[in-house]
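Please find below my comments on this model, set out point by point. They concern confidence, salt bridges and the nonpolar core.

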Amino acid sequence: HSPRLPEVLALARTKYETIIIDTPPMINMADARVIAKLSDGLILVVRSGSTTRDAALLAKARFAADG
């Protein structure tokens, strides 16, 4: 939740065409949601046989609600 994160991302955007940020799982921590709000897009990764359908749908809904 650092106020400098948007600054760091803006600087990185001037130097790199693509920036990939790996975050902790989003159900229990807000990091992914905070960073997703500052991003142009995101990739939601789920683990077959481990991630439940409900957890995947909840993650999708939370990202959608954040815009």
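The numbered points below take these topics in turn.

1. This is a predicted model, in which local features need pLDDT of at least 70 and side-chain atom pairs count only at pLDDT 80 or more, while totals for chains, interfaces and linings use all residues. Residues are numbered from 1 along each chain as its sequence is written, and side-chain values use heavy atoms, with hydrogens and water left out.

2. The protein chain has an average pLDDT (the predictor's confidence in each residue, from 0 to 100) of 90, and 99% of its residues score at least 70. Among its elements, helix 1 has the highest mean, 94, and helix 2 the lowest, 89; helices here are DSSP runs of H or I with at least four residues, numbered from the N terminus.

3. There are three salt bridges, each defined as a side-chain nitrogen of Lys or Arg within 4 Å of a carboxyl oxygen of Asp or Glu. One of them joins R33 and D66, whose closest N and O atoms are 2.8 Å apart; R33 belongs to helix 2 and D66 to helix 3, 33 residues apart.

4. The largest nonpolar core (buried Ala, Val, Leu, Ile, Met, Phe, Trp, Tyr and Cys residues joined through side-chain atoms within 4.5 Å, where buried means under 20% relative accessible area with a 1.4 Å probe, protein chains only) consists of five residues, M26, A32, A36, A59 and F63. Helix 2 and helix 3 (53-66) each supply at least two residues of this core.

Key
Buried means under 20% relative accessible area, exposed over 50%, partly exposed in between (1.4 Å probe, protein chains only).
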